[in-house]
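Reader: Got a minute to walk me through this model? Short answers are fine.

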2 protein chains.
Amino acid sequence: MNEFEPSSPSAALTDEELRRVDGWWRAANYLSVGQIYLLDNPLLREPLRIEHIKPRLLGHWGTTPGLNFVYAHLNRAIKRHDLDAIYVTGPGHGGPALVASTYLEGTYSEVYPHISHDEEGLRHLFRQFSFPGGIPSHVAPETPGSINEGGELGYSLIHAYGAAFDNPDLLVCCVVGDGEAETGPLAAGWQANKFVDPARDGAVLPVLHLNGYKIANPTVLARIPRDELRALLEGFGHRPWFVEGSEPSDVHQTMATALDEAVCEIRRIQAEARAGHEAARVRWPMIVLVTPKGWTGPKEVDGRPAEGSFRSHQVPLADLAKRPEHLAQLEDWLRSYKPEELFDESGAVRPEITALAPEGDRRMGANPHANGGLLLRDLDRPDFRDYAVDLKAPATTSSEATRVLGGFLRDVVASNDDRFRIFGPDETVSNRLGAVFETTDRQWNAPRLVTDDHLAPSGRVVEVLSEHLCEGWLEGYLLTGRHGIFNCYEAFIHIVDAMFNQHAKWLKVTREIPWRRPIASLNYLLTSHVWRQDHNGFSHQDPGFIDHVVNKKAEIIRVYLPPDANCLLSVADHCLRSRNYVNVIVAGKQPSLNYLTMDEAIAHCTRGIGTWEWASNDGGQAPDVVLACAGDIPTLETVSAAAILRDVLPDVKVRVVNVVDLMRLQDAREHPHGLPDAEFDALFTADRPVIFAYHGYPWLIHRLTYRRTNHPNLHVRGYKEEGTTTTPFDMVMLNDMDRFHLVIDVIDRVPGLGARAAHVRQQMADERLRHRAYTRDVGDDMPDVRDWTWPAEDRAAPEPEPVRGLPG
Amino acid sequence: MNEFEPSSPSAALTDEELRRVDGWWRAANYLSVGQIYLLDNPLLREPLRIEHIKPRLLGHWGTTPGLNFVYAHLNRAIKRHDLDAIYVTGPGHGGPALVASTYLEGTYSEVYPHISHDEEGLRHLFRQFSFPGGIPSHVAPETPGSINEGGELGYSLIHAYGAAFDNPDLLVCCVVGDGEAETGPLAAGWQANKFVDPARDGAVLPVLHLNGYKIANPTVLARIPRDELRALLEGFGHRPWFVEGSEPSDVHQTMATALDEAVCEIRRIQAEARAGHEAARVRWPMIVLVTPKGWTGPKEVDGRPAEGSFRSHQVPLADLAKRPEHLAQLEDWLRSYKPEELFDESGAVRPEITALAPEGDRRMGANPHANGGLLLRDLDRPDFRDYAVDLKAPATTSSEATRVLGGFLRDVVASNDDRFRIFGPDETVSNRLGAVFETTDRQWNAPRLVTDDHLAPSGRVVEVLSEHLCEGWLEGYLLTGRHGIFNCYEAFIHIVDAMFNQHAKWLKVTREIPWRRPIASLNYLLTSHVWRQDHNGFSHQDPGFIDHVVNKKAEIIRVYLPPDANCLLSVADHCLRSRNYVNVIVAGKQPSLNYLTMDEAIAHCTRGIGTWEWASNDGGQAPDVVLACAGDIPTLETVSAAAILRDVLPDVKVRVVNVVDLMRLQDAREHPHGLPDAEFDALFTADRPVIFAYHGYPWLIHRLTYRRTNHPNLHVRGYKEEGTTTTPFDMVMLNDMDRFHLVIDVIDRVPGLGARAAHVRQQMADERLRHRAYTRDVGDDMPDVRDWTWPAEDRAAPEPEPVRGLPG
């Protein structure tokens, strides 16, 4: 790395540098317009005719020249300052810019050899853009150097910070569009600089690009007075440099100066921190780039302003077949970049243009940080079996599952302090993962007080009250080749539904791109879940993220509902080893029964679904009824119901089936984990009633199993949007998933049980009323429900005692 | 309204005023602690014993005293300045505060008479809080005066602005917690002041409450230097007043001054604007209130700081049964408010305390704006039939459905310029609703340029590039008794999944609260939908919002998929008339076939589902196959497939069923719109194959219909996450929902069709390949597919011509 260089007027460009930067920029702009418009005649070697134009014009010109401009200048800065830099494109609709720039630097042709540096390659390059069978119009996984899907706006700055964590030598340049800046996630993302450690993390250089307009409206930040904007950005903790203009040679000079100053300032901040000086309040530099929308494009179209207006947002010149004057204007526009100066006879970009690019991996399109799988190193994982809860018999002791997991995560943290982080919205202790603070802290780079708890400039846990930031940071961290987990209250994970969508789509596409290396999976630990939000009430009760997730491609999606602490350990270890998935783990934090020894848990989780013989009394023969369950609370109610049945209706042969891996339920043709029909039928029978207690919305189980043989006999209980501030057992009663109701369900569905069953049915109904009355009167669950455990002394001879409180 | 009063030192409190405000505050704090802890002994008439304490302690003390403080001061300000004000509680976890304050002012007992102003009433008040069968721990619909569910944080400021639109005399005081301030939606919400018209809208007064801590962490805004915070808030366009301290009498004085100044400044701004002066750049006042978390609570608990620390976030004193010293500390805490001074012998609050409250509707708990149904006036709607597309025969002409709707909306706007707004993220023109700009503008209160399009200080359309703001503004607008619609790209509506959840939960609960009057429904118009995001590509393709929505209570949820422009008109009119629902309308904006005359459309939409005889050839008898469809593109492919079948396999009797109201598919026991089984069977038969082309993810149809008789024969095509930047027809081919594939599906499922069918099947497969090859080669759909229309001249004698391009 270079020595710290003071800012000076000499940072501005020499004439030669100016020519190079401008040449690159013109070339990139030419290639961008070519992509949007041209099907053929890529070098304009003949007059432009309508046959050279694509039949459908798709693309966004408006933001593109600005993106090309920043890219060109970063190239110069990378070489001048020996930077290790990546480029995050907030205005991702400007896809042509990133394709053009990575083509110019040579990366594009390396990963897509048919897009060669000659006329034929140019023809392919232009044709493929937004063309059936070609490439998307936005920055996408297909774009080398990208870690930020450019379709849905709002996440660039958050991704940039995620990339910078634990990458001390990395500079993440993030172009923020002034449209995107209006979104919530982007607005919250400005505060991320309070979490960056200048000693151990890299730096983010935001470039706020004010081009003034969105699709049809001006942008807020472009229209507030400049002093107000400056105050805002200083309020965000930045020191902004303004680069403003429309005359390229001037703007090149100011931009070069600003970039040099910013790089020097970043190095100064980092050098101080790395020399051991804890800075008071670091003000990170940033750049505000104010240039016309559609800069260098047509000034006017049909007598109305195009450049500098919202009318240049997409395709400024349209309807070319019917409007020959538009065709002529396009040709003028293209020729204004002087293609003859940019390309040689063969159609290759002239070396004086490409010379601006850095070498090898320093090219932003080739930087391995933007293809994180290249850098991915396995986690050093302790043996998760060492954290197992010891148990002599099922359902005789309780654990807080996430607290057990916390011990494992603590040691994962300790062994991987350069590549594993835990993100969460201020809930890591609330979610009972507090053991991690035995070995690390919450990262926080603002002032600290004595009343604070485990805050430090550096730490493996990053907490902020924004699910958007947690998600985006983790995505950025994973996409640059590291590992992590997001722990969140189950209900509020819906805040990031849209971000999950984009990440899942990204993963789906990357699986089809050979040069994109697999990255670590995105792991959600959803706890404080619906059944234990009795205290926070209705607003905190929503198990629907699973429904949302399973709409995405089966190859990407995994959903786990470990029933106890040992199963959670096994599942978590599996998820931390996996690649290119989204893993959703739902697990409770409240004391809950332990069912399986570690070895049993491993076997059960490996199968993902299985019969629990110790809870069943069908002796491995055909049962009268199957009680199935998925999720810790449904499992508790199900094994309790099975125990009641054994006690009061011992002749009913019950099989208990527990599901850990939800996607086992789906058809093997639909999901890679799907159970073959024969195995499914062996578990669930072909014709017996199945009472399924499920963690979430009950209809999801129907959606997963509708093709199964025995689906007509499947009856599902789950959360049906009934709840308020009450007690845990009242929650399951409100939703008819309590043990007593499950017994009633069995009695109602198993034929021929006779008078004894009718009597029991009435007892169960009375029991429900008695609990309800007790709860409303005392304000708590009845002790026998809260403490109730599986009464068997050992699983070899399960001999349940009568359920306490149940009359004769 | 009072005359404008200049700010002056006389605004501070007299001794008497100070005594009153402080007395109210102490009373509210006492009532808050009582709610969290006490089951009995509400007036502390006997020493506190463990039997008086609730068995489960649930609630959030930390933010509560601050909320009580602001409420007390607002009471004074309302009376002093004759304000019409409501209170939006960002830190909604402080539920006890709002219950206490509305109890003190009398509103609470008016809506809940058993919570009377005597000892028995106090006992009920305390007991019900966070108690089974009682009230939630957060601010909720049950709380008088609230329009903001307090569970999920982030939306208070946005709701406040939604309430202020078109309420020129209303002051919306919005307390923003410093935890909530870290969320994306809140951070974006600060910019909402650029959209408020001081002449025609009311004002929002944000009170940023810095109490310093979240659950376990400090808050960002409390830890940045004050000058940085000031710059930030000025950058947001505010003029902040800082009120900071921990000594109540001092803070009372500063707060009173700040509030008086803020009110005067707001009146000055409004008076200027209403006098016709267009202000340059208005800087709205706001207050920053810096007080200790858990103010007036225990200073220390177990030797560790409580007040002023994250440890007072929830219940500072716990485990009272086991820790008698905590019980004693609680008693000291409660007695510190001097209950004997607050309540008389009967347990009623003393009149010198309650005297602080305003009268009648000016009490914030009783203000009708916070129970918007009270103020709701029907829309003046033009007759939607006047906008009908004229058609002579089905499927012979095309319309852009949303453009047709735009004409209707234009006139709804024109007739309701005080109570109807259109919200959207910069897409109203893109979504082809541009006709509204013939009568209104986009509201924008920042500088305007000549290059702008239909911007004005006042307008019925509010556009910002934040779905969160659009959603929250509309929610706030509806909750205060007005009407509106949110138009959005279908894929990106997932950004507000979590906000929708909270609104749907709010509606579910309000239906059970007699004093909450019905409000206008929340209407989503989702367009630029999945099948026409061929140009923007994969990132813009997600039809899953419907799946998300249908998880909520059936009483609340309506989903409409109008197949053509006339049906869209009929559906939209219906939705604008409805109350207390969430209506999701999915409709395309691209040219699409017209199928039904207006009268037919009304009849069809009223039924919600029906057979299209003109597209069928079963002659009303038992068909060989049912082709069902829901959504405009699936309908196009389905009627096309039916036409092909009539041409090439005329002996196959086809019935075409179209679904507009998706919930008709569900069981009548599950949804009020659910079709009775007999009617469903009459449409879909009991045993014939059903090929269902659906707009969204295909499994949703299975989830809705799994109980239906003929479900085993139901075969659904829909979006299965396959797409990229391509052509419209390629999109349906990629997902196997194209007309040719539907014909193949029929051939594969109708038994006994013989050799001719096998030949046709091959033709269809060839046809698909031919189209695919053409698309990849030319970059466009084949003209015959793009232009293909139902070839019948009239529906009486449908005699389809051979499909063009189909060999023999």
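**Helix pairs, symmetry and odd residues**

Author: Start with two helices in chain B. Helix H14 (residues 401-415) and helix H18 (residues 565-577) of chain B pack at an angle of about 35°, with their axes 8 Å apart. Axes are lines fitted to C-alpha atoms, for helices over the stretch in contact, and angles run from 0 to 180 degrees between N-to-C directions. Helices here are DSSP runs (H or I, at least four residues), strands likewise (E, at least two), numbered from the N terminus.

Reader: Is this experimental or predicted, and how is it numbered?

Author: This is a predicted model: local features need pLDDT of at least 70, side-chain atom pairs count only at pLDDT 80 or more, and totals for chains, interfaces and linings use all residues. Residues are numbered from 1 along each chain as its sequence is written, chains are lettered from A and ligands numbered from 1 in the order in which they are written, and side-chain values use heavy atoms, with hydrogens and water left out.

Reader: Back to that pair. What is the handedness of the H14(B) and H18(B) crossing?

Author: H14(B) and H18(B) cross in a right-handed way. Right-handed means the near helix is turned clockwise from the far one by less than a right angle, left-handed anticlockwise.

Reader: Which residues of H14(B) and H18(B) meet?

Author: From H14(B), Ala401(B), Thr402(B), Val404(B), Leu405(B), Phe408(B), Leu409(B) and Val412(B). They meet Ala565(B), Leu568(B), Leu569(B), Ala572(B), Asp573(B) and Leu576(B) of H18(B). Contact means heavy atoms within 4.5 Å. The split for H14(B) with H18(B) is 11 nonpolar, 1 polar and 1 charged. For that count, Ala, Val, Leu, Ile, Met, Phe, Trp, Tyr, Cys and Pro are nonpolar, Asp, Glu, Lys and Arg are charged, and the others, Gly among them, are polar.

Reader: And how do H1(B) and H2(B) cross?

Author: Helix H1 (residues 15-37) and helix H2 (residues 64-81) of chain B cross at roughly 145°, and their axes come within 9 Å. The crossing of H1(B) and H2(B) is right-handed. H1(B) contributes residues including Trp24(B), Trp25(B) and Ala28(B), while H2(B) contributes residues including Phe69(B), Tyr71(B) and Arg76(B). The contact of H1(B) with H2(B) holds 8 nonpolar, 6 polar and 2 charged residues.

Reader: Arg20(B) caught my eye. Buried or exposed?

Author: Arg20(B) is partly exposed, at 32% relative accessible area. Buried means under 20%, exposed over 50%, partly exposed in between (1.4 Å probe, protein chains only). Arg20(B) sits in helix H1 of chain B.

Reader: What does Arg20(B) touch, neighbours aside?

Author: Beyond its neighbours within four places in sequence, Arg20(B) contacts Glu352(B), Ala355(B) and Leu356(B). The C-alpha atoms of Arg20(B) and Ile353(B) are 6.2 Å apart, although 333 residues separate them along the chain.

Reader: New topic. How are chains A and B related?

Author: A rotation of 180° with 0.0 Å of shift along its axis superposes chain A on chain B, RMSD 0.0 Å. That is the relation of a two-fold axis. The fit is by least squares on the C-alpha atoms of residues with pLDDT of at least 70 in both copies. In chain A, Gly184(A) comes closest to the rotation axis, at 2.0 Å (C-alpha).

Reader: Which residues touch the most others in the largest nonpolar core?

Author: Leu662(A) and Leu662(B), in a core of 527 residues. Such a core is a set of buried Ala, Val, Leu, Ile, Met, Phe, Trp, Tyr and Cys residues joined through side-chain atoms within 4.5 Å. Apart from neighbours within four places in sequence, Leu662(B) contacts residues including Ile546(B), Tyr694(B) and Leu704(B).

Reader: Any odd backbone angles?

Author: Most residues other than glycine have a negative phi. Glu721(A) has a positive one, near 60°. Glu721(A) lies in the loop between strand S22 (714-717) and helix H23 (728-734) of chain A, and is buried at 2% relative accessibility. Leu44(B) has phi near 55°. Leu44(B) is in the loop between H1 and H2 of chain B, and is buried at 4%.

Reader: Last one. How many residues of H24(A) are buried?

Author: In helix H24 (residues 739-749) of chain A, 9 of 11 are buried. Among them are Arg739(A), His741(A) and Asp745(A).
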